[in-house]
Amino acid sequence: MPAVPHKPAQPLKFAYWVPNVSGGLVTSRIEQRTDWSYDYNRDLAVLAENNGFDYALSQVRYMAGYGAEYQHESTGFSLALLLATRRLKVIAAVHPGLWHPGVLAKFGATADHLSGGRFAVNVVSGWFKDEFTALGEPWLEHDERYRRSEEFIRALRAVWTEDHAELAGDFYRIRDFTLKPKPLAAPGRPHPEIFQGGNSTAARAMAGRVSDWYFSNGRDFDGVTEQIADIRRSTAEAGRTPPRFGLNGFLIARDTEAEARETLREIVAKADTEAVEGFGAAVRQAGRSTADGKGMWQDSTFKDLVQYNDGFRTGLIGTPEQIAERIIAYKRLGVDLFLLGFLHYREEVEYFGRRVLPLVRELEAQLPDGGARPASVPVSA
């Protein structure tokens with residue numbers, strides 16, 4: 001079988017979940033010194049870019065519920081954070097079905113110019129059925145949602161890069177559409193970066209065909225290895241370079257492992273049981289229609305769902321030294337970026353930049369060729 005080319009290794013990238021929804025990043029009654037307000041998030045973005053973070057991801061929920069009663073809209077919030085920072089790239093989560101790709105392309109081009117080329121998008125196929133039905137939009141079957149998302153990305157890329165863009169799709173039709181100004185282009189970045197998530201077979205196949213980045217929910221080493229192999233197979237069939245791989249993780253770094261483990265125990269012990277179970281029912285419903293059972297959250301336990309993107313499963317819990325070593329082990333498997341959540345954002349983002357990141361960079365420098373993987377990887381690997 002043909003080999004899959006892979007980009008040479010680069011230093012690991014780090015992103016953080018923007019807490020632009022109330023309730024923090026764990027559905028627990030434990031104290032979380034984190035605020036969903038703009039003032040808090042503006043200051044946090046500046047702190048993050050000064051502590052080694054490359055990206056921030058503005059999450060999106062349109063309806064109150066499951067521990068997130070209040071939410072700021074992701075694209076407008078992302079633009080505000082871009083204008084408050086100098087280097088940080090901000091990724092706005094968007095839903096096909098609630099956005100038209102041409103309208104988003106226009107917003108994205110403006111945001112890209114205003115920020116000097118730092119805007120990106122995360123295309124979310126959807127897990128919250130009520131958000132669609134309450135707005136009078138159809139709730140598609142699982143694989144159809146990913147088919148729509150793939151068409152959305154193809155349309156977005158065409159509008160961003162072509163004059164007289166055309167697309168005759170099943171979900172979107174674009175006829176002789178020219179966008180000006182287009183987003184800023186740079187070597188290796190012809191348009192704003194396009195991220196996507198999803199753990200299902202349909203999501204992995206879509207990532208291999210059209211996306212620049214693939215986000216995984218929290219996973220252990222075996223789970224990451226299996227997903228990367230799947231995506232590389234899909235990429236080989238499409239004749240593309242594989243998307244870069246981002247892994248979700250909830251990071252609890254403390255001076256001792258005992259302190260970190262006790263924090264995790266307290267988070268779970270004080271979980272908002274009703275909210276966690278409600279969220280679990282909603283997300284399992286969203287992925288239940290997958291034929292092979294590989295949908296998002298299909299094997300998540302109650303403990304996993306307390307951090308709503310399975311962040312505990314990545315195991316970034318312990319001392320700075322333990323966490324740095326685990327991060328490097330993931331890099332050796334093919335992880336390019338970590339998307340991190342924290343309990344007390346300001347304190348822990350600063351702690352990460354001061355205590356954890358320097359150790360990561362030291363270990364990274366010791367890897368042969370910076371941890372570069374072979375120029376090609378067998379599809380069967």
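Reader: Why is arginine 189 called buried?

Author: This is a predicted model, and in it arginine 189 has a relative accessible area of 14%. Buried means under 20%, so arginine 189 counts as buried.

Reader: What makes the contact of arginine 189 with aspartate 112 a salt bridge?

Author: The closest N and O atoms of arginine 189 and aspartate 112 are 2.6 Å apart. The cut-off is a side-chain nitrogen of Lys or Arg within 4 Å of a carboxyl oxygen of Asp or Glu, so the pair qualifies. The two residues belong to distant parts of the chain, 77 residues apart. Arginine 189 is in the loop between strand E7 (173-177) and strand E8 (194-196), while aspartate 112 is in helix H3 (residues 101-115).

Reader: Is aspartate 112 buried or exposed, and how do you know?

Author: Its relative accessibility is 0%. With buried set at under 20%, aspartate 112 is therefore buried.

Reader: Why is the pair of aspartate 304 and arginine 313 called a salt bridge?

Author: The closest N and O atoms here are 3.9 Å apart. The limit is within 4 Å, so aspartate 304 and arginine 313 form a salt bridge.

Reader: What class of accessibility does each partner in that pair get, and why?

Author: Aspartate 304 stands at 9% relative accessibility, so this residue counts as buried. Arginine 313 stands at 24%. Partly exposed lies between the 20% and 50% limits, so arginine 313 counts as partly exposed.

Reader: How do you know that glutamate 350 and arginine 354 form a salt bridge, and where do they lie?

Author: Their closest N and O atoms are 3.0 Å apart, and the cut-off is within 4 Å. Both residues lie in helix H12 (residues 345-366), four residues apart, about one turn of the helix. Glutamate 350 is partly exposed at 28% relative accessibility, and arginine 354 is partly exposed at 48%. Elsewhere, salt bridges with shared partners join Asp39, Arg42, Asp43 and Arg346 into one network.

Reader: How many salt bridges does the structure hold?

Author: The count is 28.

Reader: What makes strand E13 largely enclosed by the rest of the structure?

Author: Strand E13 (residues 337-341) has five residues, and five of the five are buried, so the strand is largely enclosed. Both of its faces are covered. Leu337, Leu339 and Gly341 are buried on one side, and Phe338 and Leu340 are buried on the other.

Reader: Why are E2 and E10 said to pair with E13?

Author: Two strands pair if there are at least two bridges between them. Strand E2 (residues 13-18) has four bridges to E13, in the parallel sense. Strand E10 (residues 244-250) has five bridges to E13, also in the parallel sense. Both counts therefore meet the rule. Phenylalanine 14 stands opposite phenylalanine 338 in E13, and glycine 249 stands opposite leucine 340 in E13.

Reader: Why does the second largest cavity enter the count of cavities of 30 Å³ or more?

Author: Its volume is about 70 Å³. The count takes cavities of 30 Å³ or more and comes to two.

Reader: What lines the second largest cavity?

Author: Eleven residues line the cavity, with Ile228, Arg232, Pro242, Pro243 and Phe245 nearest its centre. Helix H7 (221-238) and E10 each supply at least two residues of the lining, and H7 gives the most, with three residues. By class, the lining has six nonpolar, two polar and three charged residues.

Technical notes. Residues are numbered from 1 along each chain as its sequence is written. This is a predicted model: local features need pLDDT of at least 70, side-chain atom pairs count only at pLDDT 80 or more; totals for chains, interfaces and linings use all residues. Side-chain values use heavy atoms; hydrogens and water are left out. Buried means under 20% relative accessible area, exposed over 50%, partly exposed in between (1.4 Å probe, protein chains only). On a 1 Å grid over the protein atoms alone, a cavity is a set of points where a 1.4 Å probe fits but cannot get out, and a pocket is an open set with protein on both sides within 12 Å along at least five of seven lines; lining residues have an atom within 4 Å of a point. Grid points are joined across faces, edges and corners, and a volume is the space filled by probe spheres set on the points. Ala, Val, Leu, Ile, Met, Phe, Trp, Tyr, Cys and Pro count as nonpolar, Asp, Glu, Lys and Arg as charged, and the others, Gly among them, as polar.
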